[in-house]
Amino acid sequence: MEKVRIDKWLWAARFFKTRSLAKQAIEGGKVHADGQRVKASKEITTGTTLVIRKGWDQLEVEVLALSDQRRGADIAQTLYRETEASVAKREQARAERKASNAGIHSERPNKKQRRQIHRFLREQD
């Protein structure tokens, strides 16, 4: 196998759960091959560099092997290798997000805390 459609490869490499999700990501401009925006029908070969944006993360991977069949996760990870710069950039971005949310509590106040908040607001008026 010398060439595979990029949407099939992304699905086989387990970047996306379905081919239609892979196609939507490609059409949305979230996947670039060798620095250029691509179409879902673009055929890739080994050695191609892909930039894939998923959620908060941006992965830069090099295609090591081709497959058009979805296999287990351990086999799928042998199809690509993430670059060292990409790993470092993702770790740094995760640390920055974690640090920016350090003082924010996502829990709702309980009954006692709500009373205290209401009492404080009444005293301010």
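This short talk walks through the sheet, the nonpolar core and the aromatic contacts of one structure, which is a predicted model.

Let me begin with the sheet. Five strands make up an open sheet in the order β3-β2-β5-β6-β7, and their pairing is antiparallel. At the edges we find β3, residues 36-37, and β7, residues 80-82, each of which pairs on one side only. As a reminder of the general background, strands of a sheet pair through backbone hydrogen bonds, and they may do so in a parallel or an antiparallel sense. Here, strand β5, which covers residues 49-54, and strand β6, which covers residues 57-63, are joined in the antiparallel sense by six bridges. If you would like one position to look at on the screen, take Ile52, whose bridge partner in β6 is Leu59. Helix α4, residues 84-100, packs on this sheet and touches β6 and β7, and its direction makes about 170 degrees with that of β6.

Now to the core. In soluble globular proteins, nonpolar side chains tend to be buried together. In this model the largest nonpolar core has 22 residues, and those touching the most other members are Ile6, Trp9, Leu10, Phe15, Leu50 and Ile52. Two or more residues each are given to this core by α1 (6-12), α2 (19-27), β2 (31-33), β5 and β6. Which residues is Leu50 in contact with, once its neighbours within four places in sequence are left aside? The partners are Ile6, Trp9 and Leu10, then His32 and Ala33, and finally Leu59, Glu60, Val61 and Val63.

That brings me to the aromatic residues, where a search of the whole structure finds three aromatic pairs. One of them joins Trp9 and Phe15 in a tilted arrangement, with 6.0 Å from centre to centre and 35 degrees between the planes. Are these two residues buried or exposed? Trp9 counts as buried because its relative accessibility is 0%, and Phe15, with a relative accessible area of 6%, is buried as well. Trp9 also pairs with Tyr80: the ring centres are 6.3 Å apart and the planes stand at 75 degrees, so this pair is edge-to-face. This pair links distant parts of the chain, since Trp9 sits in helix α1 and Tyr80 in strand β7, 71 residues apart. Taken together, Trp9, Phe15 and Tyr80 form one aromatic cluster.

I will end with a contact between a charge and a ring: Lys54 lies over the face of Phe16, at 5.2 Å from the ring centre.

Terms used
Residues numbered from 1 in each chain as written. Predicted model: local features only at pLDDT ≥ 70, side-chain atom pairs only at ≥ 80, totals over all residues. Heavy atoms only, no water. Pairing = 2+ DSSP bridges. Helix = DSSP H or I, 4+ residues; strand = E, 2+ residues; numbered from the N terminus. Contact = heavy atoms within 4.5 Å. Axes fitted to C-alpha atoms, helices over the stretch in contact; angles between N-to-C directions. Core = buried A, V, L, I, M, F, W, Y, C linked by side-chain atoms within 4.5 Å. Buried < 20%, exposed > 50% of the residue type's maximum accessible area, 1.4 Å probe, protein only. Phe/Tyr/Trp six-rings, centres within 6.5 Å; stacked < 30°, edge-to-face > 60°. Lys NZ or Arg CZ within 6 Å of the ring centre and 35° of its normal.
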